[in-house]
Amino acid sequence: MHSPIGKDTLVLTIGFDLLHPGAASLRKIILFIVLGGIGTLAGGVLWVYLSLPNVGYLKTQNPKTTALIEQRLRESRYSGKELKVRQIWVGIDGIPPILKQAVRVAEDARFYEHEGIDYDELLEAIQTDLERGKFARGASTITQQLAKNLFLSTDKSLRRKLEEYFIARRLEAELSKNRIFHLYLNVIEFGPGVFGVEAAARQYFGKSVGQLNLEEVVRLTAVIPKPLTESPTRNTRWLNWRAGWVLSTLRKTGHVSAAQYNEVIGRFK
């Protein structure tokens with residue numbers, strides 16, 4: 001049984017349409033625009049998905065170059081400078097466990113738990129961005145960072161973030177977690193022209209990555225968010241703060257002992 005309110009509403013709507021013939025047309029136009037927008041968005045997402053790069057070869061092959069390396073070379077040529085790229089691949093077993101632990105706790109603590117996207121961290125980042133009205137906080141997992149470094153750019157557009165999302169999911173579907181982490185540690189940027197932990201260890205400390213001590217490990221890890229403006233060998237205020245945070249996190253998570261922590265923490269003050 002229909003309520004009187006429903007009848008009144010229907011009568012008023014019909015009466016309004018009879019008195020104002022253009023109202024019905026206006027509603028149709030608005031509906032058409034909304035549906036067209038949804039269709040365009042869906043088409044755009046589908047196009048991005050279908051244009052994703054093949055990642056299967058990464059199971060057994062190391063990339064000869066990356067999108068980020070090529071971007072840095074273009075930027076260098078544009079500014080009239082010459083950039084020397086330093087990158088030396090090292091096996092996952094050749095990287096000290098403490099360095100792998102430091103990078104993971106600093107960049108993506110739940111790396112081995114999620115499937116490429118940390119949705120809890122993502123929601124918190126979106127909330128922060130909305131509050132500040134800009135891209136103020138990143139939420140990229142190690143897999144997302146790898147997707148960006150290998151195939152995309154440092155652009156923060158919505159389209160790039162969408163591509164990063166789909167590529168990250170594809171990397172997780174095609175590769176093992178250890179392989180993703182191995183690739184990441186060998187392509188991540190540590191300074192102008194410096195890519196990967198082995199090249200970074202030699203560039204800044206004059207030794208192989210397997211020979212790094214705890215302080216050097218923490219310093220390398222600390223500069224990952226700001227590789228072009230910070231250096232592991234400079235004691236800037238930001239570097240000391242970040243390095244202290246990395247070391248404290250390693251202590252809280254049980255990766256370093258109290259004695260190790262106390263021995264090194266004073267070098268970041």
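Start your tour in helix H7 by selecting Arg160 and Glu164: being four residues apart in this helix, they are separated by about one helical turn. Keep in mind as you go that this is a predicted model. Show the two side chains and you will find a salt bridge between Arg160 and Glu164, with the closest N and O atoms 2.2 Å apart. Both residues are buried.

**Along H7 to Glu174**

Stay with H7, which covers residues 158-174, and select Glu174. Its salt-bridge partner is Lys59, and the closest N and O atoms of this pair lie 3.6 Å apart. Lys59 sits in the loop between helix H2 (21-50) and helix H3 (67-78), so that the pair links distant parts of the chain, 115 residues apart. Colour by accessibility here: Glu174 is partly exposed, with a relative accessible area of 34%, and Lys59 is also partly exposed, at 48%.

**Asp118 and Arg110**

Next, select Asp118 together with Arg110. They form a salt bridge whose closest N and O atoms are 3.0 Å apart. Is Asp118 buried or exposed? At 10% relative accessibility, Asp118 is buried, while Arg110, at 34%, is partly exposed. The structure holds 15 salt bridges, if you would like to look for others.

**Helix H9 and its surroundings**

Now move to H9, residues 197-205, a mostly covered helix in which seven of the nine residues are buried. To see them, select Val197, Glu198, Ala199, Ala200, Ala201, Tyr204 and Phe205. What covers these buried residues? Show strands E1 (86-87), E2 (189-191) and E3 (194-195), then helices H4 (97-107), H8 (177-187) and H10 (214-222); these are among the elements that cover them. Just past the helix comes Gly206, with a positive phi near 65 degrees.

**H10 against H11**

Keep H10 on screen and add helix H11, residues 237-252: the two pack at an angle of about 115 degrees, with their axes 9 Å apart. Their crossing is right-handed. On the H10 side, pick Leu214, Val218, Arg219, Thr221 and Ala222; on the H11 side, pick Trp238, Leu239, Arg242, Ala243, Val246, Leu247 and Leu250. These contact residues divide into nine nonpolar, one polar and two charged.

**Last stop: a network**

Arg219 belongs to the H10 side of that contact, and Arg219 is a good place to end. Add Glu215, Glu263 and Arg267 to your selection, and you will have the four residues, Arg219 included, that are linked in a network of salt bridges.

Key
Residues numbered from 1 in each chain as written. Predicted model: local features only at pLDDT ≥ 70, side-chain atom pairs only at ≥ 80, totals over all residues. Heavy atoms only, no water. Buried < 20%, exposed > 50% of the residue type's maximum accessible area, 1.4 Å probe, protein only. Contact = heavy atoms within 4.5 Å. Axes fitted to C-alpha atoms, helices over the stretch in contact; angles between N-to-C directions. Left-handed = near helix turned anticlockwise from the far one by under 90°. Nonpolar A, V, L, I, M, F, W, Y, C, P; charged D, E, K, R; others polar.
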